[in-house]
Amino acid sequence: MTIEDARQNFISFIGDYEEYHASDISESDTRSKLIDYIFINILGWDEKNIQREGHVEHGYYDYRFSIPSLHFIVEAKKQLVTLTLPEKNYIASISTLYPENKEIIDQIRRYLVDEGIAFGIITNGQQFIIGQFVNQNGNPWKQNKCLLFNGFDDIKERFVTFYNNLSKESFIENGGFKFLKNNECITGKKIVSSLINREKEIVRNSIATNISPIIEEVFGAIFTNTEENDIEFIKSCFVENKETIKNRTELNGLFRDAPPDLANVIGAQNSRSISNQINDEISSPYQPITLKTTPPKPIIIIGSKGAGKTTFINFLFSNNLPETTLSQFPYVYVDFIKYFQNGKIIDTKKISKDILDMLEEKYPQLELYSFKVLKQIYIKEINKNDKGIWSFYKDSDPQTYSEKLNLFLEEKYRNKEEHLVELSKYLVRERRIRLIVIIDNADQLDISIQESAFLFASSLNSRAYCGVIVSLREGYYYKWKNLPPFNAFESNVYHITAPKYTEVLQKRINYALKKIEFTESYSGENHLGYKVSMGSQNIKEFFASLQDSLFNSSNTAIVDFLNYSTFPNIREGLRLFRLFLLSGYTDVEEYILRVRFNKNEDHRITIPIHEFVKTIGLDTKLYYNNEASVIPNLFYPCEKSSDHFLKIWILKYLTRKFDIYGNVGKSELLSTLLENFTSYGYLLENVLKEIEFLLHKEFIDTDDVLTDIKWTTLADKECNLFITAKGYYYIKNLISKFYYIDLVLQDTPIFDDNFYIKIKNKFPEADNNGKRNILDRVYTVEYFIEYLQQQENKQPKCIINQLGSILSDIHSNGLDNDIDRIKVKYEKELH
C-alpha cells in the first residue's frame with residue numbers, strides 16, 4: 001500500500017466516521033471500529049504484529065504492536081473522552097501534557113514498565129499522543145517530547161507526518177517513530193565492562209614460550225621467505241590432494257570449494273595430475289623453443305584464500321618437475337607482497353631488476369652478466385651499428401669502438417625492463433631455454449594489484465616469450481574473468497583445492513617429532529613459578545599426545561572444528577592451531593604429565609574440544625572480547641539494535657534451505673531474503689548489517705564467492721546467498737554448547753537491568769591463570785539463557801513458527817546435556 005492509497009483510505013474513513021460520532025461508543029467499540037481500521041487499513045499493520053488486551057501486573061493493556069526489537073503499546077480511551085492538547089503545537093514535552101492528562105499517562109506508563117517497553121500511544125480514535133514514556137538512560141522521562149495530532153482535520157492536514165511515524169513501513173524503515181529517530185538509542189550493559197582487570201593477560205607458561213620456535217616453524221606457512229626454503233620441510237609437510245576436483249554441476253561435497261564452471265578451467269583428478277599437465281604445457285614436444293613458435297599460454301592458478309596455491313607452486317618446482325624440464329626452463333619466483341607494502345602502483349622496473357638479479361645468482365652457469373652473453377643478446381643491433389654508425393671506428397679506431405660498444409651495452413643493461421625482455425628472447429633464440437616467471441601472492445592484495453600482476457605476466461609472455469604462472473584468488477577470478485584485462489589474453493586456468501586437515505596436521509606433527517631428535521633440553525617456569533627443565537623426549541611426548549588426541553577416531557571434535565570453521569583456508573586453520581599451542585591457556589607441562597602418568601593403557605589422553613575453543617577464543621586474555629576473538633559472538637546485536645537473534649535467524653533460514661533442498665537449492669536471492677525479513681518486521685538497515693557481518697565472518701557466502709574478495713557494502717541486491725560449512729557448524733553445533741555460551745555471554749550487552757544484576761552477581765572472576773569457578777559459570781549460563789528466553793518471547797511469532805525456537809534448539813542440541821554432565825561431575829568431586 002502506498003502513502004497515496006493510505007491517504008485515500010483515510011478520507012473514506014472520515015466519511016464513514018459520522019455515523020459513529022452520533023453516539024457515545026464504548027472503549028471496546030473505539031478499538032474495533034476506529035483504531036483497528038486506522039492501524040490496519042490506513043497504516044498497513046498486519047494482525048501478526050498486533051496483540052490485544054494483554055495481561056500485565058497492573059491490568060490489561062489495549063494493544064501491543066511489535067516488530068523485532070521494537071514494540072509500542074496503544075492505550076485506547078472512549079471516543080468522547082477528550083485528550084487535552086495544545087491547539088497550535090505539533091510537538092510538546094510530557095511535562096507540558098502531564099497536568100491535564102495525568103491519569104492516562106500514568107496508566108500507560110504502568111503498562112510500559114510491566115512489559116519493559118519504552119514507547120506508547122494514547123488515543124481516543126481521533127487525537128493521538130505519541131512518545132517515549134519510559135527512559136532507560138537515567139534522564140527524566142517528563143523531558144521527553146511527544147508528537148501530537150489534535151483530531152481528524154489535523155491528521156488530514158499533516159497526513160504525511162502521521163503516516164511517516166505510525167505506518168508499519170515507516171516504523172520498520174526508521175527503527176521506531178521517525179520524530180524520535182535522533183534520540184539516544186538503547187544501550188545494553190556487558191559483564192566484561194564491569195571487570196576492573198578485563199584487559200589483563202594470563203600468566204604465560206615459559207616452557208611453552210621456549211618451544212614456540214618449533215611450533216611456529218611446524219604450524220606456520222611452509223614458505224615464508226623464498227631465500228630460506230627448507231627442502232626437507234617442503235617434502236615432509238606438503239600434502240598432495242587426492243580429492244577429485246569438481247565443477248559446479250558435479251558438486252560432490254556439501255559446501256563450496258569448487259572451480260568455476262568454465263570451459264577453460266582444467267579439471268584434474270589430483271595435485272599430481274595438475275603437476276603433470278603443467279609440466280606438459282611448459283615442455284610440450286609439440287611446442288619447440290624458438291622465436292617462431294608462440295610461448296605456452298599464461299597459467300593461472302586459482303583457489304580459495306589459504307587453500308595452498310603458494311605451497312603447490314613451490315612444491316611443483318622444488319619436488320615435482322623432472323630435471324629435464326628444470327634444465328630447459330630456469331624459473332624465478334616473484335613474491336608480489338614485498339613490492340606493495342606502501343603503495344598501489346606497480347614498479348615494473350624494480351621487479352624486472354630483481355628477476356635479473358635472481359637469474360644471475362641462481363643460474364651462474366648461464367653467465368648472463370658476462371660481456372660475451374651481453375653482446376649475443378644485442379647482436380642484431382650491434383651488427384647493424386657495425387655496418388653503420390660504428391663502421392669507421394671498428395675499422396680504424398678499436399679503442400673508441402670498444403668504448404662505444406661498452407656505452408651501448410651499459411645503456412641497454414640499465415633499462416631493466418627491456419633488458420629482461422631481450423635476455424629472455426636470447427635464451428630462446430640461442431640457448432633453446434625458456435624462462436619461467438612465477439608471480440605469486442598477488443591474490444593477497446586488492447583487485448587493482450591483481451590486474452597489474454596479470455598484465456605484467458601477460459606482457460612478459462607475449463613480448464619476452466616467457467612462460468608465466470600467476471596465482472589469483474578465485475573470488476576475483478569469478479568476478480572479473482569476462483572483463484578487461486582478463487578477457488584480453490587466452491590463459492589456462494587450474495584450480496587448487498585444499499587438502500584435508502587431518503593429513504596436513506599429521507605431516508606437520510610427524511615433522512616435529514622427527515625434528516626434535518636434534519634438539520637439546522628446554523627450560524622455564526611452570527604456572528606455579530617452579531623452574532622446570534624438559535628434554536627433547538618430553539617435548540616429543542607432548543607432540544605425540546597431540547597426534548594421538550587429534551587422530552583418535554573417538555575424538556574428532558577439534559579436527560571437525562577446524563574443517564568446518566576454516567576449510568578450505570588451510571592457512572587459517574594452521575593459524576588457529578598454532579594459536580592454541582602458543583596460548584597462555586595451553587599448559588604444555590600438564591599435557592606431558594597427563595601422558596606420562598596415564599596408567600590406563602586403554603584410556604587415551606585427549607585434548608577436549610571445550611579447552612581448544614576456550615583457548616583460541618581467549619588467546620592470552622582473562623576474558624572474552626567480541627571484537628578481538630577468533631570465535632564470533634552470534635548473540636551480539638548490530639549497531640543501534642538490541643536484537644540478539646537476527647544473525648541466528650538468517651543462519652537458520654539459510655540452513656533450512658540447505659536441509660530441505662540440498663546443495664542444488666541451498667541459495668536464496670538477497671532481495672527475496674530482505675523482503676521476507678522485512679515482512680517479519682525487521683528493520684531493513686539491520687538485516688543488511690547482519691548479512692554483511694555474516695559474510696565478513698564467512699558464515700554465509702554468495703555465488704560469486706564474496707568472502708574471497710575485498711568489499712565494503714552489499715551493492716548488488718540480486719546475488720545469491722547460501723550457508724557455508726562454518727555457518728552450518730555454528731548453528732547446528734557450537735551455538736548449543738556450554739563452553740561457547742560461557743565464553744560469549746561475557747561480552748554480550750544485556751538489555752534488562754534485573755537480569756544484568758543477576759548475571760553479574762554470580763559471574764566468577766578469573767585468577768591469574770584464567771581459572772574460574774565452574775559451578776558459578778553454570779549459574780551464569782543458566783541466567784543468561786533465561787534472559788535470552790525472555791528476549792526471544794518478544795520476537796515475531798511468525799518467524800518462530802516457521803523456523804523453530806532458537807532457545808529450544810540450544811537446549812535440545814547440547815546445552816542441557818552439558819550442564820547436567822558438569823553438575824554430576826562437580827558432585828562427584830565434592831564427595
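This report describes a seven-stranded sheet and the helices on it, followed by totals for the chain.

The model is predicted: local features require pLDDT of at least 70 and side-chain atom pairs pLDDT 80 or more, while totals for chains, interfaces and linings use all residues. Residues are numbered from 1 along each chain as its sequence is written, and side-chain values use heavy atoms, without hydrogens and water.

The chain contains 36 helices and 20 strands, taken as DSSP runs (helices H or I, at least four residues; strands E, at least two) and numbered from the N terminus. Seven of the strands form an open sheet of mixed pairing, in the order β1-β4-β5-β7-β8-β9-β6; two strands pair if DSSP finds at least two bridges between them. Because β1 (50-52) and β6 (91-93) each have a single partner strand, one side of each edge strand has no neighbour in the sheet. Neighbouring strands are turned by 20° against each other on average, direction ignored.

Strands β8 (residues 127-132) and β9 (residues 145-150) run antiparallel and are joined by five bridges; Ile-130 has Leu-147 in β9 as its bridge partner.

Two helices lie on this sheet, as tabulated. Contact means heavy atoms within 4.5 Å; axes are lines fitted to C-alpha atoms, for helices over the stretch in contact, with angles from 0 to 180 degrees between N-to-C directions.

| Helix | Strands | Angle |
|---|---|---|
| α4 (residues 102-115) | β4, β5, β7 | about 145° to β5 |
| α6 (residues 159-166) | β7, β8, β9 | about 130° with β9 |

Among contacts in the chain between residues at least 6 apart in sequence, 74% join residues at least 24 apart. Of the 831 residues, 53% count as buried (under 20% relative accessible area, 1.4 Å probe, protein chains only).

Note on methods:
Buried < 20%, exposed > 50% of the residue type's maximum accessible area, 1.4 Å probe, protein only.
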